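Here's a quick briefing to read with the model open beside you. Have a look around first, then come back to the notes.

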Amino acid sequence: MTGVQTCALPILLVLLIGLITLFVTFRLVAPIREAAELASKITAGDLRQRISVNRSDEMGRLSTSFNDMTASLQTQIARLEKLSHLQQRFVSDVSHELRTPLTTIRMASQVLHAERNSFEPSLARSAELLMNQIDRFEALLSDLLEVSRFDAEAAVDRKSTRLNSSHIP
């Protein structure tokens with residue numbers, strides 16, 4: 001063997017080891033980088049993202065688990081949004097349904113309250129208590145309606161934010 005051949009063999013060996021290392025590193029790092037990028041998109045609200053699964057090794061199982069977890073999150077969030085919508089609708093419906101009888105009760109109590117001076121003291125006190133409790137009930141009902149409106153606005157804002165974030169490149 002000549003001196004050039006003796007010197008070329010270690011260089012070729014180092015190049016071969018370098019190429020093998022680069023290939024193995026790329027094979028391991030690329031799926032991790034993809035998972036990190038998709039995790040960032042999911043964190044931003046785009047739960048439609050999935051990792052492509054084209055391997056059967058640990059990285060393939062990790063990708064499958066990641067996709068299953070994302071699908072589960074997406075299902076749970078959709079379920080919670082539906083429940084929240086039903087709750088908002090229920091609160092709104094109950095609040096509105098209570099308004100009509102409360103208005104009738106208020107009108108009747110105002111008549112009683114206006115005539116309370118002509119009643120016996122115990123009846124006059126009852127008319128006064130009735131008016132105070134109706135005021136309190138109306139305040140509670142107004143608060144309930146306000147909470148219902150606030151929840152509805154917050155739901156619209158969340159949906160708008162999710163829709164806007166799903167269009168981020």
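Which side chain meets that of aspartate 135 in a salt bridge? The partner is arginine 106, with N and O 2.3 Å apart. Keep in mind that this is a predicted model. The chain has 3 helices and 0 strands, so the order from the N terminus is simply α-α-α.

**The big picture**
- The chain is 169 residues long, and 20% of those residues are buried.
- Take the contacts with a separation of 6 or more: 60% of them are between residues 24 or more positions apart.
- The accessible surface adds up to about 12,700 Å², and carbon and sulfur atoms account for 66% of that.

**Salt bridges**
- The whole structure holds 7 salt bridges.
- Back to the opening pair, aspartate 135 and arginine 106, which meet in a salt bridge. This pair links distant parts of the chain, because aspartate 135 sits in helix α3 (residues 121-165) and arginine 106 in helix α2, 29 residues apart.
- Arginine 106 is buried, because its relative accessible area of 12% is under the 20% cut-off. Aspartate 135 is partly exposed at 37%.
- Arginine 116 and glutamate 128 also pair up through their side chains, at 3.2 Å from N to O. Arginine 116 is in the loop between α2 and α3 while glutamate 128 is in helix α3, so this bridge ties together parts 12 residues apart in sequence.
- Arginine 116 counts as partly exposed at 25% relative accessibility, and glutamate 128 is partly exposed with a value of 25%.
- There's a network too: salt bridges with shared partners join Arg106, Asp135 and Glu138.
- Now for a pair inside one helix: arginine 89 and aspartate 93 form a salt bridge, with their closest N and O atoms 3.7 Å apart. Both are in helix α2, 4 residues apart, which is about one turn of the helix.
- Arginine 89 is exposed, because its 53% is over the 50% cut-off. Aspartate 93, at 39%, is partly exposed.

**Two buried polar residues to click on**
- Serine 109 is in helix α2 and counts as buried, with just 1% relative accessibility.
- A polar atom of the serine 109 side chain lies 2.9 Å from the backbone oxygen of arginine 106.
- Beyond its neighbours within four places in sequence, serine 109 is in contact with Leu130, Met131 and Ile134.
- Arginine 55 is in the loop between α1 (3-43) and α2 (58-114), and it is buried at 16%.
- The side chains of arginine 55 and aspartate 57 are joined by a polar contact of 2.6 Å.
- Setting aside residues up to four places away, arginine 55 touches Arg27, Pro31 and Gly60.

**Nonpolar groups, inside and out**
- The largest nonpolar core is made of 6 residues: Ala35, Leu38, Ile42, Leu47, Ile51 and Phe66. Helix α1 gives the largest share, with 3 residues.
- Isoleucine 51 touches several residues more than four places away in sequence, including Ala35, Leu38 and Phe66.
- On the surface, there's a nonpolar patch of Leu13, Leu16, Ile17, Ile20, Phe23, Val24, Leu28 and Val29, together offering about 730 Å² of accessible area.
- One of the patch residues, valine 24, is found in helix α1. Is valine 24 buried or partly exposed? Valine 24 is partly exposed, because its relative accessible area of 41% falls between the 20% and 50% cut-offs.

Methods:
Residues are numbered from 1 along each chain as its sequence is written. This is a predicted model: local features need pLDDT of at least 70, side-chain atom pairs count only at pLDDT 80 or more; totals for chains, interfaces and linings use all residues. Side-chain values use heavy atoms; hydrogens and water are left out. Buried means under 20% relative accessible area, exposed over 50%, partly exposed in between (1.4 Å probe, protein chains only). Contact means heavy atoms within 4.5 Å. Accessible areas come from the Shrake-Rupley method with a 1.4 Å probe; for residues, only the protein chains shown count as cover. A polar contact is a pair of N or O atoms within 3.5 Å; within protein, one must be able to donate a hydrogen and the other to accept it, and residues adjacent in sequence count only if both atoms are side-chain atoms. Patches are made of residues with over 30% relative accessible area and no salt bridge: like charges are joined within 9 Å, nonpolar side chains (Val, Leu, Ile, Met, Phe, Trp, Tyr) within 5 Å. A salt bridge is a side-chain nitrogen of Lys or Arg within 4 Å of a carboxyl oxygen of Asp or Glu. A nonpolar core is a set of buried Ala, Val, Leu, Ile, Met, Phe, Trp, Tyr and Cys residues joined through side-chain atoms within 4.5 Å.
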